[in-house]
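Reader: I have this model open at the bench. Give me a close look at its empty space, and then at what goes on around it.

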Amino acid sequence: MKALSILSTVSALALSALPHAAALDITNTYIIPSTSVSAEVTIQTNAADLSPFDGPKISAVNGSSFDWWYFDVVSPKASITISFQTGTFNAVGYPGISVPYATYCNVAGIYPNGTTFSIPLVLAGPAVITTVGDGAYGNWTGSGFSFSGTPDLSEVTVNVDAALYYGIEGSITFKSVAPAHYATGLISDRSSSEILLPNLGWANAVPDSVAKVDLSLFGEKFAFTGRGYHDKNWGKFPVQDLVNNWYWGHAKVGPYSVVFFDALDKNNVEYTSAYIAVNGVPIKAGPVAIVRPYGPNITYPQTKPATLFAGLTIEVDVGVRGVYVFKTVSQTVLTSTDNDGYGYTRAQGVVVGGPVGGKQYKGIGLWDWQHFYA
């Protein structure tokens with residue numbers, strides 16, 4: 001094993017001559033220290049680099065850079081989110097909070113009875129990440145939290161053994177029903193950019209899946225089946241130095257697997273990405289979305305002080321297939337903050353939509369909004 005680097009056992013030059021890293025079953029192992037380092041950082045920007053899709057995307061974790069792996073499962077009444085973080089609290093978007101760790105996890109969700117829960121900080125030792133093909137096994141040592149993905153990203157499992165200190169144990173399994181995508185194209189298009197906006201990357205390993213949650217949470221059974229999702233973000237500079245505002249989310253609406261991301265950079269330049277698959281077959285992946293909040297007194301861009309939006313509308317241009325529109329029509333707020341300089345809302349609920357002028361469907365989704373003014 002070695003310290004974190006983008007490619008560890010095969011050089012970029014050697015990989016550039018090969019069609020797809022996942023087909024090679026190449027194994028790489030990376031160790032991410034539990035404290036940040038003093039080093040200049042580079043980030044991965046292009047799929048043509050052929051590094052593992054779900055592997056680390058930055059050369060090191062210093063005081064400014066970050067790289068995280070995010071998982072969630074949503075159902076009509078319950079949901080859970082788990083994040084595996086590498087980066088200081090300042091880097092991942094919480095300026096002013098000082099925690100002397102660069103590797104940690106967090107968990108949040110809602111019980112079927114509507115009660116929310118949160119485990120905001122699970123400290124870890126070094127994160128050890130081993131990649132095979134495009135999949136990754138990540139162990140946040142000492143925390144009891146780990147995840148494992150197959151080389152082709154068809155299945156991913158999150159395992160938790162942290163009952164003693166954090167009150168949670170069990171597993172979550174994801175069986176993908178739609179192929180992965182970059183910010184600008186499908187996993188099969190190695191000419192894609194992985195950058196959503198300048199210095200901020202995004203790779204969506206599991207846009208939609210059948211997911212099973214089988215956990216014990218604070219001594220009680222927490223088990224349900226829902227729609228599962230897994231992606232990762234990374235950046236060279238703290239999130240609040242890159243983004244003013246973003247809307248992100250995913251939904252399963254009838255036959256449609258939908259993922260969207262709409263962000264404003266620090267100059268209020270808009271960058272978007274959307275993904276739609278029909279019965280698991282992608283019909284669009286790239287920067288073609290328009291996402292807007294709606295509700296009383298809502299403006300865009302949303303301004304300080306923030307007003308909780310009633311929901312989102314998502315419009316996606318699918319070229320010759322026309323325009324698809326989806327709308328969140330009800331929401332349960334999972335968490336919401338509105339502090340000076342920072343606002344955040346995560347919600348789940350009913351999503352309706354389909355092609356404009358065509359058959360409309362109803363489904364379930366999860367989404368969030370972040371905004372920074374620092």
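Author: The answer starts with the enclosed space, then turns to the open pocket, the rings and one pair of strands.

This is a predicted model: local features need pLDDT of at least 70, side-chain atom pairs need 80 or more, and totals for chains, interfaces and linings use all residues. Residues are numbered from 1 along each chain as its sequence is written, and side-chain values use heavy atoms, without hydrogens or water.

Two cavities reach 30 Å³ or more. A cavity is a set of points, on a 1 Å grid over the protein atoms alone, where a 1.4 Å probe fits but cannot get out; lining residues have an atom within 4 Å of a point. Volume is the space filled by probe spheres set on the points, joined across faces, edges and corners.

Take the second largest cavity. Its volume is about 30 Å³. The lining is Val-74, Pro-207, Asp-208, Arg-227, His-250, Ala-251, Lys-252, Ile-364 and Gly-365. Strand 14 (200–217), strand 16 (243–253) and strand 25 (361–372) each give at least two of these residues. Strands here are DSSP runs of E, at least two residues, numbered from the N terminus. Strand 16 supplies the largest share, three residues. By class, the lining has four nonpolar, two polar and three charged residues. Asp, Glu, Lys and Arg count as charged; Ala, Val, Leu, Ile, Met, Phe, Trp, Tyr, Cys and Pro as nonpolar; the others, Gly among them, as polar.

Now the open space. The largest pocket holds about 820 Å³. A pocket is an open set with protein on both sides within 12 Å along at least five of seven lines. Of its 33 lining residues, Gln-85, Tyr-94, Asn-106, Tyr-344 and Arg-346 are the closest to the centre. Strand 6 (residues 116–123) gives the largest share of the lining, six residues. The classes split into 19 nonpolar, eleven polar and three charged.

Back to strand 16, this time for its rings. Across the whole structure there are 28 aromatic pairs. Rings of Phe, Tyr and Trp (its six-membered ring) pair with centres within 6.5 Å; planes under 30 degrees apart are stacked, over 60 edge-to-face, the rest tilted. Phe-66 and Trp-68 are stacked, 5.1 Å centre to centre, with 25 degrees between the planes. Trp-246 and Phe-261 are edge-to-face, at 5.1 Å and 85 degrees. That pair links distant parts of the chain: Trp-246 is in strand 16 and Phe-261 in strand 17 (residues 256–265), 15 residues apart. Both Trp-246 and Phe-261 are buried, meaning under 20% relative accessible area with a 1.4 Å probe, protein chains only; exposed is over 50%, partly exposed in between. One aromatic cluster is made of Trp-69, Phe-71, Phe-84, Trp-140, Phe-145, Phe-147 and Phe-174.

Last, strand 20 (residues 289–294). Its side chains alternate: Ala-289, Val-291 and Pro-293 face one way and are buried, while Ile-290, Arg-292 and Tyr-294 face the other and are not. Strand 20 pairs with strand 21 (residues 311–317) in the antiparallel sense over six bridges; pairing takes at least two DSSP bridges. Arg-292 has Thr-313 of strand 21 as its bridge partner. Arg-292 also lies over the face of Tyr-300, 3.8 Å from the ring centre. A charge sits over a ring when NZ of Lys or CZ of Arg is within 6 Å of the ring centre and within 35 degrees of the ring normal. The charged end of Lys-57 sits over Phe-53 in this way, 5.7 Å from the ring centre.

How values were computed: Helices (H or I, at least four residues) and strands (E, at least two) are DSSP runs, numbered from the N terminus.
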